[in-house]
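Here are some worked exercises on a two-chain model. Try each task yourself before you read the solution.

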Amino acid sequence: MLGWSPMAAKSGMTGGAIALVLLMAALASADGSLVVQSQLPNGLTVVIQADHRLPRVGVAVTYAVGRRDDPRGLEGLAHIVEHALADASTHVPGGTVQHLEALGGVASAMTTPDFTTMYEELPREYWETGLWLESDRMAFMLSALDTKRLERIRAVVKREWEERIGKVDRSAAAIVSSLYAGNHPYARLVDDASGLDVFTLDQVRWFFQRRYGPASAVLAIVGDVDPTLVDAAVRKYFGSIRGSSAFVRRAQTPPHWPDEQLAAREHSIDPGLDRNWRWERLDLAWQTPAAYAPGDAELDIVALMLQERLRKRLLNDGTVFAVGVQHPSRQLGSPFTIRLEVSPQHSLDGILSSVMAEVSRLRSASAEFEPARRRQVIRGLRELDNLAWRAYRLAESACSGTLHMVEDDVERYGSLGDKDVARAVLTYLLPGPHVVVRSQFSRFASQPRSIDR
Amino acid sequence: MMRYCNLCLILICACGGPVFPPPVRPLVPTPDDHWRNQPPRAAGSTAIEAPTTARSQLTNGMTLLAAEVADAPYADVVVVVAHTVQEGEARKLATALEQSARDDLRQLSVLSVFATSAEIELRWRCEPGHVDDALRAAAAVLTRPLAAGVVEVAERRYRAEEELLGLRTSERVVRTLRARITGVDGASLPVDSPEISERSIPVLFTELIDPAHMALVVAGPIAAQATHELAEQHLGSLAQPVTHARRFETSAAHLPTERAILFIKQHMPVALIGFAFVAPRLTRHRNIDAHVLARVLGYGIGSILNAALRETHGMTYGVHVYYEEGPSTGMLYGLLAVQPARLSDALEQLRNSFERVRRAEQPVQFRHARDQIRAGLILSTRWAELVASHLAQSFIAGRQSDLISEETARLETIKPRDIQILAQRVLHEPQFVVAGSRELLATLQWDGAPVELVR
């Protein structure tokens, strides 16, 4: 039984020589508990946060590989690897997720544009099992992956695509993707199931070996644990894992977009929805700062404020049927989006003007600011109970280079003032949306259209 | 010649799509230490300890359930309205209450509202020390008549949302299953209409906002006595209504033989299958056995249906089975999407799996389900959100006892045989609802069950 990995061939390290060599940081969280970040000689970054309030433990492993890293022609490969990691490994042949569920745990996994994260929450008595299992996925997943298993995983991912990704989410993803120029890593994030049939087992192996080693990963453990015991266990389970050197992405910073590419563009897009849909739709999208960058937290609050304003102005009088304002944060820059389902008798141009008027009003001190800020703080407080999510956030933020705890959200939203929010509106939103999409569903006949760039 | 070979290589690359290096070889293994063969031992076990809960009554008869979860990072304030009206009417009133609450600019909490066939729940989540704000927000909504503007907007929103739900295939499937299982005629329509939920929001408000049928649940870092005083101050003035809620009569669950309904929905890339069985109804004792049965069938990847349909055959992304405790009858139901061409296979796998659970004990899935529920109960004692939900459910079912202790005790004694006995009682005459293209009709008819067609 072998866990495939090329790193030892390069470094010559042996399992016995592995030791925790570098104490990088020890930060205090809001409640005073220590967050310890360290790195193993094989490059694995480890973050431990003890919190004894709940009898649970959250474990997460984030790999610095996301959908934007899919090789051209093999779109969906990172998603396949996520499912393979959630499947079996050599020493957990019955399935890693099944094993966690049998312990009373809750397990999940996510492939975002930037990262792949496996995460779970377990009763505290199984904290070591969480480490054992994650190390087996990292080192011995490929040993258990054969053609038959890959075919089954492929079938399930295709079913997921048909059921979830291929439906309503598709037009929203296409709009966000259209925010970015052709060579940007986010410019081709629209999922396409056609690539799923292409992968061979060798290609999956190649991709995993090249990108998913410990040097490209962060392990986070949060909960009712003794950091000293965890530290020793991490060395035992992960120290001997061989892996490739850290994968360096081609573009780590957002490229400069020429002004003409940032000018408002309008698209026609296949709604991807039920043909009986009788509403029109207006989508607006802006490019905004990356996760945790200045302006990111402010725009989270702006999203809540604007949601309330648009609800009162347009939803209450029946002009629109639904309002959605979103600001999901991403590593290379985030999208700020507004989606309005509009009654057909209203003019989309008129609604666009109303939306921009409300955006403009957010510059001045607004009655919605304090409730919105408080709601963000309360959401952060609620997340303190979710140890799997806290481990996820720790691992993913450390993977992006900035260690960030859920507690930090409470603090960063709590410290914002209405002037900060006004400044963000002025800087990022008032220049106007970068993409405007009018979806007039009656115009879509049998032939779906793609984005018209 | 060499130039020609290079050209060929370029052409092959260009025509054949991307070319990747072979897997990295020779592969240098991670040492396969002997201790990897077994998971580490569990470090002890965690006892389930219910939080201290105080039950009292406000002077107007409203029940107060206050749970002291000392180290919770937030507090939940929940108003539970027990009702016996048509579910659509409850949803309509819930929309109005939400609209009214959201229009209150002073509200500094996170609000969520929902309605089921047995209750309307309004939940305000607040920072520790701000329970007073949340109670004030609750009082602002409940202690004075809804404004005319709020009612107008809520009526319009409710109809629009119903229309949207009617377009959501999964919602139509579940509503249709619920109608068949409960025998409520109104619910058989995929979209609610004024003919079904005919009474206006002000009438419903007057009838249902009745402290005698309401509970206030507060969970978090609170003191029970101080909370009682605050509750009395803010909600004690809520008067009992002159007229009382009209009871909505549901017909007793009558089960026809196995039956299928097909919703014609062209352009769907999948066939969506819903199935349901009559299950134990809401009682004063939470039916842990039915929750275990639901998880044995379809919860984790290792559950019976996911193992059969997803893991073995790759037919679906997943099956989730739910147990819904209704006031007149309960429902055990599940949803899954499959490729249209595999509809027949999927139905066969479902029937075989139901039969398997009826015929034999399933000790492995039983153990997983029981341990998952037990682990969830531990959280239910520590998360203010879950503590409040448990207490709200307890009130709706008319329970006086400590729900968590009761459930814990049942989990200690339950056996795989109990679940098999329940399965024998529940898992027969499945009701199927399938949504998809017209061509599926042939498969369903071939499959043997009487098929009703809905366009």
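**Exercise 1. Work out how covered helix 2 of chain B is, then check its length and its start.**

Step 1: helix 2 of chain B is mostly covered, with 15 of its 16 residues buried. Buried here means under 20% relative accessible area, exposed means over 50%, and partly exposed is in between (1.4 Å probe, protein chains only). Helices (H or I, at least four residues) and strands (E, at least two) are DSSP runs, numbered from the N terminus.

Step 2: the expected span of a helix is 1.5 Å times one less than its number of residues. For the 16 residues of helix 2 (residues 87-102) of chain B that gives 22 Å, and the end C-alpha atoms are 22 Å apart, so the two agree.

Step 3: at the start of helix 2 of chain B, a side-chain oxygen of B:Q86 comes to within 3.1 Å of the backbone nitrogen of B:G88. A polar contact is a pair of N or O atoms within 3.5 Å; within protein, one must be able to donate a hydrogen and the other to accept it, and residues adjacent in sequence count only if both atoms are side-chain atoms.

A word on the ground rules: this is a predicted model, where local features need pLDDT of at least 70 and side-chain atom pairs count only at pLDDT 80 or more, while totals for chains, interfaces and linings use all residues. Residues are numbered from 1 along each chain as its sequence is written, chains are lettered from A and ligands numbered from 1 in the order in which they are written, and side-chain values use heavy atoms, with hydrogens and water left out.

**Exercise 2. Do the same for helix 12 of chain B, and find what follows it.**

Step 1: the 13 residues of helix 12 (residues 384-396) of chain B should span 18 Å at 1.5 Å a residue, and the end C-alpha atoms are indeed 18 Å apart.

Step 2: ten of those 13 residues are buried, so helix 12 of chain B is largely enclosed by the rest of the structure. Among them are B:V387, B:L391, B:F395 and B:I396.

Step 3: after helix 12 of chain B comes B:G398, with a positive phi near 70°.

**Exercise 3. Describe the interface between chain A and chain B.**

Step 1: count residues. On chain A, 82 residues are in contact with 78 residues of chain B, contact meaning heavy atoms within 4.5 Å.

Step 2: get the area. About 7100 Å² is buried between chain A and chain B, and carbon and sulfur atoms give 61% of that. Buried area is the accessible area (1.4 Å probe) that two parts lose on being put together, summed over both.

Step 3: list the polar links. Between chain A and chain B there are 24 residue pairs in polar contact (both at pLDDT 80 or more). By class, the side of chain A that touches chain B has 33 nonpolar, 17 polar and 32 charged residues. (Ala, Val, Leu, Ile, Met, Phe, Trp, Tyr, Cys and Pro count as nonpolar, Asp, Glu, Lys and Arg as charged, and the others, Gly among them, as polar.)

Step 4: add the salt bridges, four between chain A and chain B. A salt bridge is a side-chain nitrogen of Lys or Arg within 4 Å of a carboxyl oxygen of Asp or Glu. One pairs A:R382 with B:E385, with the closest N and O atoms 2.4 Å apart.

**Exercise 4. Why does the salt bridge of A:R374 and B:D133 join two chains?**

Step 1: the closest N and O atoms of A:R374 and B:D133 are 3.7 Å apart.

Step 2: A:R374 sits in helix 12 (residues 369-383) of chain A and B:D133 in helix 3 (residues 131-142) of chain B, so the pair joins two chains.

Step 3: A:R374 is buried at 11% relative accessible area, whereas B:D133 is partly exposed at 24%.

Step 4: zoom out. A network of salt bridges links A:E370, A:R373, A:R374, B:E127, B:D132, B:D133 and B:R136.

**Exercise 5. Place A:D69 in chain A.**

Step 1: A:D69 lies in the loop between strand 4 (56-63) and helix 2 (77-86) of chain A, and is buried, at 8% relative accessible area.

Step 2: the A:D69 side chain reaches the backbone nitrogen of A:G66 at 2.7 Å.

Step 3: leaving out residues up to four places away in sequence, A:D69 touches residues including A:D114, A:R211 and A:R249.
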